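Here are two short exercises to work through with the viewer open. Try each task before you read its solution.

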Amino acid sequence: MSTKIDQDRVLIFDTTLRDGEQSPGATMTHAEKLEIAGMLDEMGVDIIEAGFPIASEGDFEAVRDIARQTKNATICGLARANFKDIDRCWEAVRHAKSPRIHTFIGTSPLHRAIPNLDMDQMAERIHETVTHARNLCDNVQWSPMDATRTEHDYLCRVVEIAIKAGATTINIPDTVGYTYPFESANLIRMLKERVPGADTVIFATHCHNDLGMATANALAAVEAGARQIECTINGLGERAGNTALEEVVMALKVRNDILPYRTGVDTTKIMNISRRVATVSGFPVQYNKAIVGKNAFAHESGIHQDGMLKNAETFEIMRPADIGLKETNLVMGKHSGRAALRAKLKELGFDLADNQLNDVFVRFKALADRKKEVFEDDLVALMRDQVSGEAHDRIQVKFLRVICGTEAPQSADLVLSVDGVDHRVTAQGDGPVDATFNAVKAVFPHTANLQLYQVHAVTEGTDAQATVSVRMEEEGRIVTGQAADTDTVVASAKAYVNALNRLLVRRQKSDPDADVKSVSYRDAGE
Ligand code: KIV
Ligand code: ZN
């Protein structure tokens with residue numbers, strides 16, 4: 001079968017739920033994955049890579065349930081080059097209206113050495129596994145992992161084998177983010193010229209951002225004939241991340257004069273999904289991130305502000321509304337009611353059930369009492385806090401009072417509930433945050449070490465909420481935690497406890513299969 005290719009269209013393949021979730025600490029719950037998949041489908045993404053079904057029971061169930069719920073997008077699962085992975089992947093994706101199996105193997109010399117296959121043995125493995133996948137599903141994507149460091153002759157040979165075995169999409173990954181844009185373009189051009197049957201498949205590009213060139217490399221590949229871009233929301237992904245969906249989609253929209261290709265993405269949904277992914281993954285978006293960063297549309301210098309007032313195009317190449325940002329961020333105060341809150345949250349991408357709305361409303365009122373003006377960003381922080389402080393969390397902060405100031409020692413008086421039992425403790429430390437964390441450790445001893453502690457003000461003013469992010473590591477497991485509060489020390493305590501709760505879930509889930517995810521690249525040829 002040859003694939004019908006619309007030459008004016010670039011397909012958007014989102015891998016937030018697979019490659020994005022592989023970022024250390026970015027693990028999402030089942031419900032969160034289903035929610036993000038729903039948002040991706042609604043915004044018009046063509047293909048959703050929903051997970052790696054063999055990696056764990058949880059991954060399998062998420063892919064299967066996303067396949068069942070999705071209305072429009074093709075649902076794809078990842079599988080290594082062996083029958084067991086491929087069968088498991090098919091079991092999960094076959095429920096979709098449009099299923100796809102994505103199978104891969106590392107083809108560069110470094111990656112060939114790991115399963116200890118020579119070139120001929122690997123070629124045979126590719127033939128067998130793609131044929132097997134194609135016998136199950138008529139939509140098969142094949143990736144030569146580390147393609148950009150694979151010898152060109154060998155790359156042409158294996159791509160030809162995969163096409164002959166029935167692959168309908170050939171993805172060319174820059175797995176280690178090593179490529180320059182002109183090389184990325186040349187590679188696609190070379191494959192399209194040299195490989196028999198290349199005109200019958202779609203070429204895809206999958207770029208990592210180790211040198212900060214992922215988006216440029218993806219667009220260069222499109223210029224050379226690739227018609228599928230693999231990307232993630234906020235550029236989430238292994239190490240420095242992937243091509244960011246919002247960047248490629250907006251680049252194609254804003255510079256349509258350079259690359260005259262359409263995508264099916266409704267760009268006005270970008271801001272909401274970006275916020276939601278930041279919340280559920282625990283990876284905040286950097287302030288100066290292209291398109292979705294807090295400062296992407298902020299103008300501070302006098303010259304810029306003057307220019308903006310006269311003509312916004314002076315300093316903006318797109319309008320905030322293009323990505324779903326409102327002109328004004330000021331939304332509500334303490335007199336705002338439940339209906340207004342529900343409507344505003346819906347606009348921000350949070351569709352709440354009645355009982356959830358009740359909880360958030362109480363918290364919103366408490367915030368509005370402490371803070372004169374409640375901005376959209378405050379509501380997003382409140383929602384993030386809602387997610388991180390779920391009622392079923394084993395550990396919860398019940399009370400905190402700190403003594404701090406110029407005279408040491410600083411101390412924290414803390415009540416922590418663990419499995420429903422309250423424990424009170426007073427601890428000292430080097431500053432209020434250190435004292436608070438010591439108090440948590442006194443109640444709930446653990447060996448996890450704190451790798452990162454970050455505080456951001458959500459909005460301006462001394463009454464602003466603080467968002468605190470922490471990252472912890474325990475025996476190779478990395479988790480993140482977040483919380484917001486007008487009191488920075490309270491936010492710190494809640495963020496720390498949020499990370500501990502996630503760690504407990506991870507500990508519980510630690511079964512032999514769960515490790516497949518972390519060794520997936522090493523064992524790719526197995
Ligand atoms: O970066 C990579 O090579 C991948 C493959 C599994 C496509 O994520
Ligand atoms: Zn990748």
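The exercises below deal with a strand and its neighbours, then with a pair of helices, in a predicted model.

**Exercise 1.** Work out how strand β4 (residues 99-106) sits in the structure: is it enclosed or open, and which strands does it pair with?

*Solution.*
1. Start with accessibility, where buried means under 20% relative accessible area. Eight of the eight residues of β4 are buried, so the strand is largely enclosed by the rest of the structure.
2. Now split the strand by direction. In a regular strand, side chains alternate between the two faces of the sheet. Here Pro99, Ile101, Thr103 and Ile105 point one way, while Arg100, His102, Phe104 and Gly106 point the other way.
3. Look for partners. Strand β3 (residues 74-80) runs parallel to β4 and is joined to it by six bridges, with Ile75 opposite Pro99. Strand β5 (residues 140-145) is also parallel to β4, again with six bridges, and its Ser143 stands opposite Phe104.
4. Finally, trace the connection: β3, helix α3 (residues 83-93) and β4 form a right-handed β-α-β unit.

**Exercise 2.** Describe how helices α1 (residues 30-43) and α2 (residues 57-69) cross, and say which residues make the contact.

*Solution.*
1. Take the geometry: the two axes come within 10 Å and cross at roughly 35 degrees.
2. Add the hand, which is right-handed for this crossing.
3. List the contact: α1 supplies His30, Lys33, Leu34, Ala37 and Gly38, and α2 supplies Asp59, Glu61, Ala62, Asp65, Ile66 and Gln69.
4. Sort by class: the contact has four nonpolar, three polar and four charged residues.

Notes:
Residues are numbered from 1 along each chain as its sequence is written. Chains are lettered from A and ligands numbered from 1 in the order in which they are written. This is a predicted model: local features need pLDDT of at least 70, side-chain atom pairs count only at pLDDT 80 or more; totals for chains, interfaces and linings use all residues. Side-chain values use heavy atoms; hydrogens and water are left out. Buried means under 20% relative accessible area, exposed over 50%, partly exposed in between (1.4 Å probe, protein chains only). Helices (H or I, at least four residues) and strands (E, at least two) are DSSP runs, numbered from the N terminus. Two strands pair if DSSP finds at least two bridges between them. A crossover is right-handed if, with the strands pointing away from the viewer, the path from the first strand over the helix to the second runs clockwise. Axes are lines fitted to C-alpha atoms, for helices over the stretch in contact, and angles run from 0 to 180 degrees between N-to-C directions. A crossing is left-handed if the near helix is turned anticlockwise from the far one by less than a right angle, and right-handed if clockwise. Contact means heavy atoms within 4.5 Å. Ala, Val, Leu, Ile, Met, Phe, Trp, Tyr, Cys and Pro count as nonpolar, Asp, Glu, Lys and Arg as charged, and the others, Gly among them, as polar.
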